[in-house]
Amino acid sequence: MHKVSLTTQITIGMLVGAIAGMLFGKNVSGVTVVGDIFLRLIQMAVVLLIFGAVIEALGSLNPRDLGRLGAKTGLWFLMTTLLAALVGLGTGLLFKPGLSVHLDQLRKTPVHLNTPTNISQTILNFFPTNIFDALAKGNVIQVIIFAILFGLVLSQANKDGKFSQVLTLVKQTNQLTVKLVMLIMKAAPLGIAALIAGVVADNGSQVFLPLLTFLLIYGLATAVFLIALFCVISWVAKVPLIGLVHGFTQMIMVAFTTTSSAVALPVEMSDAQSKLGVSKPISQLVLPLGMALNSNGLAMYLSLVCVMLTQLYGIRVTPIALVQIVLLSVLSCLGTVVVPGGGLVALTIIVPTLGLPLSSIALFAGIDWFSGMFRTVTNVVGDTTTAIALATGEDELDRAVYHSDKVSVKH
């Protein structure tokens, strides 16, 4: 028999859970403990996953690449991811998807965001006093800050291969952690079915309307972000907008249909060189690194989800809370991009960090594949536009491909 994909299994699980919740009502509320166990198992591994992934990505780089070119790459990644998170936040505040339906059960329990009292305290909380304490408490921001610094030091110290064993240990630990997460994700259909059954039992079928609204708003936010990014890169690289969009067509289609940045990477690298004029050295550095560390689509998704949840629970959001949502959305992307169900894994980081109920993740698990289409497209376009911008700055961009039907690759 043809093996059923995990995405299909999760979709089936969501449908089964929804039907069970509607048919049996409060009688199935107790099964949510199964879903809660599933979410805890993901949380168990995710901090270690991020910790190791960031160290490996930076520690594997040649120290020369971590100089001027590495700084430029990181700056572009940060700017595009920050822009994506702001677009998600803005569309959420503008269209208010969480207010489209009144979910009584969600509003019964008072919820308050975990937010510092001022900007100074917010910034101070980024930096750990004890990395083991940060790991134990699951303080993702502090873990990422330490991992970035450790990765940079490892890259510099390992230029002569003296610390290759440390890097190997980190890589092998990451491989095992990813295998662990993949093992846990096999239980996703059962866990999601249990969570959805409980949510539907408490709120009825009306719970699905905000999800459709969310997908429409997320699709609109994705379109706005892509248009803005294309216009900026067309101006920065001084290339025609039509030619730029044409060069992205194939990779966008592959990303949208496969919902996998890893699958789209070979097409992305080929088209970046042949259709967008990026030199081979630039594309080989930026695009694989972008797949591991840069996720514009996920940042947009997380900020939009958080805004929607605050609206669902009737939480008043302060300006400091909005800043925290954006920063957490940006930082929570690191290390979760290449993991199966990366959107679901990232939600288990940011939702409890903000003080929102972990069970609310179930609302978005069933549509993760559909939102993954938009996330992957945004990720791929964000990485490739960064490569174009860097190639422009390094005089490594072949603009002839934008004005000719001939395939041209600059080496």
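Where does K238 lie? Select K238 and look: it sits in the loop between α10 and α11 (241-258). Here a helix is a DSSP run of H or I with at least four residues, a strand is a run of E with at least two, and both are numbered from the N terminus.

Before going on, know what is on screen. This is a predicted model, where local features need pLDDT of at least 70, side-chain atom pairs count only at pLDDT 80 or more, and totals for chains, interfaces and linings use all residues. Residues are numbered from 1 along each chain as its sequence is written, and side-chain values use heavy atoms, with hydrogens and water left out.

**Stop 1: two lysines in loops**

Stay on K238. Its phi is near 55°, a positive value in a residue other than glycine. Most residues other than glycine have a negative phi. K238 is exposed, because its relative accessible area is 65%. The cut-offs are these: buried means under 20% relative accessible area, exposed means over 50%, and partly exposed is in between (1.4 Å probe, protein chains only).

Now select K96. Phi of K96 is near 50°, again positive in a residue other than glycine. K96 is in the loop between α3 and α4 (104-108). K96 counts as partly exposed, because its relative accessibility is 38%.

**Stop 2: the whole protein**

Zoom out and show the cartoon. You will find 18 helices and zero strands. The protein has 411 residues, and buried residues make up 52% of them. Switch on the surface. The accessible surface comes to about 18,400 Å², and 67% of that belongs to carbon and sulfur atoms. Such areas come from the Shrake-Rupley method with a 1.4 Å probe; for residues, only the protein chains shown count as cover.

Next, think about contacts, meaning heavy atoms within 4.5 Å. Take the contacts with a separation of 6 or more. Residues 24 or more positions apart account for 83% of them.

**Stop 3: α18 and its partners**

Select α18 (residues 368-393) together with α14 (residues 296-312). The two helices pack at an angle of about 135°, with axes 6 Å apart. Axes are lines fitted to C-alpha atoms, for helices over the stretch in contact, and angles run from 0 to 180 degrees between N-to-C directions. At that angle, α14 is oblique to α18. The scale is: under 35 degrees roughly parallel, over 145 roughly antiparallel, 65 to 115 roughly perpendicular, and the rest oblique. Show side chains where the helices meet. On the α14 side are N296, G297, L298, M300 and Y301, and on the α18 side are D368, S371, R375, T378, N379 and G382.

Keep α18 and add α10 (residues 209-237). These axes come within 10 Å and cross at roughly 10°. α10 and α18 are therefore roughly parallel to each other. Residues in this contact include L215, Y218, F225 and F230 of α10, and F370, F374, V377 and I388 of α18.

**Stop 4: salt bridges**

How many salt bridges does the count come to? The answer is two. A salt bridge here is a side-chain nitrogen of Lys or Arg within 4 Å of a carboxyl oxygen of Asp or Glu. Side chains of opposite charge can pair when their charged atoms come close.

Select K72 and E394. Their closest N and O atoms are 3.1 Å apart. This pair links distant parts of the chain: K72 is in helix α3 (residues 68-95), E394 is in the segment after α18, and 322 residues separate them. K72 is partly exposed, at 30% relative accessibility. E394 is partly exposed too, at 22%.

Then select D271 and K275. Their side chains meet in a salt bridge, 3.9 Å from N to O. D271 is buried, at 3% relative accessibility, whereas K275 is partly exposed, at 29%.

**Stop 5: a nonpolar patch**

Select V33, V34, I37, L41, M44, L180, L183 and L190. They form a nonpolar patch on the surface, with about 710 Å² of accessible area together. The elements giving two or more residues to the patch are α2 (32-59) and α8 (164-185). Patches use residues with over 30% relative accessible area and no salt bridge; like charges are joined within 9 Å, and nonpolar side chains (Val, Leu, Ile, Met, Phe, Trp, Tyr) within 5 Å. Helix α2 gives the largest share, five residues. One patch member, L41, is in α2. L41 counts as partly exposed, at 34% relative accessibility.

Finish at T173, in helix α8. T173 is partly exposed, with a relative accessible area of 30%. Draw a line from its C-alpha to that of L48: the two atoms are separated by 9.0 Å, and the residues are 125 apart along the chain.
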